[in-house]
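This report describes charged pairs, nonpolar cores and one strand of the chain shown below. Please keep the sequence and structure at hand while reading.

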Amino acid sequence: MAKYVAAVDQGTTSTRCMIFNHAGESVGIDQLEHEQIYPQAGWVEHDPLEIWARTQDVIKGAMKKAGITAADLAAVGVTNQRETTVVWDKNTGKPYHNALVWQDTRTDKICNELAKDGGQDRFRAQVGLPLATYFSGPKVKWLLDNVPGLREAADKGDAIFGNIDTWVIWNLTGGPNGGAHVTDVTNASRTMLMDLDGCHWDDAICAAMTIPKSMLPEIRPSSDPKIYGHTLENGPFGGRIPVCGDLGDQQAATVGQACFSPGESKNTYGTGCFMILNTGTKIVPSKSGLLTTACYKFGDEPTVYALEGSIAITGALVQWLRDNLKLIEKSTDVEDLAKTVEDNGGIYFVPAFSGLFAPYWKSDARGVIAGMTRYVNRGHFARAALEATAFQTREVLDAMNADSGVPLTALKVDGGMVYNNLLMQFQADVLGVPVVRPKVAETTALGAAYAAGLAVGFWKNTDEMRANWGMDKTWEPTPGSKASTELYKQWKKAVTRTFDWVEH
């Protein structure tokens, strides 16, 4: 009898595999980072072959740490950095180019050209997204236009596309030897190529971007009892296991947080920050700069939709302090450094490294540090970096309240940064509502496990998953704090200084 479900969580900076029991508890985990490639300013790439190698390593590592074999696993789920784009040869498994990461801004000219006919919201009615460098469709077009021989290979049917979920599932289930070329509704909704109403590839948008539909994966439910494929006997799991769960990382965290009812919301603090509000089976257009996106689809049930506020740089800013400025040795050191000062010293750090995402969607913005004086020291830099995450989250929350008409009463949080007590307390102060951390904070992997386990009956229904959710810690707003008033006002002023920096 299989006692566990495995989840492969392929993120922006690292890949992990986690093994979960029926109570939603992790019994084994392994994680490895991969290289961040920056060919020039604004360009961000990953090596898909390195990611697949790391994926195999962490699967073996997690299995070993859990002390289990393939026979102990009921199913495998996959979750991923969503818009990162891979195009590869289906006959050999060799990528035609490095993956273009969701943070990459090289498609700004393509987006501007497409916006000449209909503006930035040209496709929003169909796909729920503005024209922005964030999404996969323009990245595929850039590859087709710039990689020698790729368009010919696509026209012949040899070149196929996928976000990282598709790449991992294809390799897990056989690769060139019959691997499943599939994605789920959540990942497809981040390409700018999927019509939200009906969850199918949009012929007109594919034509506008000159992308052959033959390149695109089959769109499947996020939790699919019909199963995408099976792992291989000689693969990293060491046996045949159903692969039947697939969710983009932020939607996976929403499922992991058991946000199954309309109006329930979560915020994930990772490389970027992503707040999602479940809107049920209703597609809610945003008037406030949010994204309308698929939240999940379980089997034959209707697709559930969401509003999302996407922030490009949060945890990545801490990594930047570590790797580029050498202010800290480890990312976890940022809290101690920030605690050496009482406040931000008057500086505001707006990390628009990849432009501004929600609610502004300005690809021509770039990062600024505003309010610098001789008084400022390393501690103020660390504190301002953490505060930037909380301020950006407040901007998204304000937009979400405006669109939904439902004021948030508490915020469920997850991801690596939620163990930073200074940040979480400041977040509660900026929002003016309690911030709640669950017992299992790595909810992204848990959500992928839930999707896979639900497909094979390991979990019978969403009520069983909801019963697993437990609170670990709550931060209440500090009475009399100026974070939500005076400090937030200064932050908004600093944001305006990033606008229109890049001249096209």
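## A buried charged network

In this predicted model, arginine 82 and glutamate 83 are joined through their side chains by a salt bridge, at 3.7 Å from N to O. Both partners are buried: the relative accessible area is 2% for arginine 82 and 1% for glutamate 83. Because the cut-off for buried is under 20% relative accessible area, arginine 82 at 2% falls within it.

Arginine 82 also meets the side chain of glutamate 308 in a salt bridge, with an N to O distance of 2.6 Å. Glutamate 308 belongs to strand β18 (residues 304-311), whereas arginine 82 sits in the loop between β5 (73-80) and β6 (85-89); the pair therefore ties together parts that are 226 residues apart in sequence. Glutamate 308 is likewise buried, at 0% relative accessibility. A network of salt bridges links Arg82, Glu83, Arg190, Asp249 and Glu308.

## A salt bridge with an exposed partner

The model contains 28 salt bridges. One of them pairs lysine 65 with aspartate 30, and their closest N and O atoms are 3.0 Å apart. This pair links distant parts of the chain, 35 residues apart: lysine 65 is in helix α1 (residues 48-66) and aspartate 30 in strand β3 (residues 26-33).

Is each partner buried or exposed? Lysine 65 has a relative accessibility of 54% and counts as exposed, while aspartate 30 has a relative accessible area of 16% and is buried.

## Nonpolar cores

The largest nonpolar core has 108 residues, and Tyr134 and Tyr269 touch the most other members. Helix α12 (residues 378-404) supplies the largest share of this core, with 12 residues. A second core, separate from the largest, has 32 residues, among them Ala6, Val78, Ala180 and Ile241.

Which residues does tyrosine 134 contact, apart from neighbours within four places in sequence? They include Arg82, Glu83, Arg190 and Glu308, four residues that are also named in the salt-bridge network. The other contacts of tyrosine 134 are Trp102, Lys139, Phe274, Leu291, Ser310, Phe357 and Trp361.

## Strand β15 and its partners

Strand β15 (residues 265-269) is largely enclosed by the rest of the structure, because 5 of its 5 residues are buried. In a regular strand, side chains alternate between the two faces of the sheet. In β15, Ser265, Asn267 and Tyr269 point one way and Lys266 and Thr268 the other way, and all are buried. Tyr269 is also one of the two residues that touch the most other members of the largest nonpolar core.

Strand β15 runs antiparallel to strand β16 (residues 273-280), to which 5 bridges join it. The two strands form a hairpin with 3 residues between them, and tyrosine 269 stands opposite cysteine 273 in β16. Strand β15 also pairs with strand β21 (residues 411-414), here in the parallel sense and over 3 bridges. In this pairing, asparagine 267 stands opposite valine 413 of β21.

Notes:
Residues are numbered from 1 along each chain as its sequence is written. This is a predicted model: local features need pLDDT of at least 70, side-chain atom pairs count only at pLDDT 80 or more; totals for chains, interfaces and linings use all residues. Side-chain values use heavy atoms; hydrogens and water are left out. Helices (H or I, at least four residues) and strands (E, at least two) are DSSP runs, numbered from the N terminus. Buried means under 20% relative accessible area, exposed over 50%, partly exposed in between (1.4 Å probe, protein chains only). A nonpolar core is a set of buried Ala, Val, Leu, Ile, Met, Phe, Trp, Tyr and Cys residues joined through side-chain atoms within 4.5 Å. Contact means heavy atoms within 4.5 Å. Two strands pair if DSSP finds at least two bridges between them.
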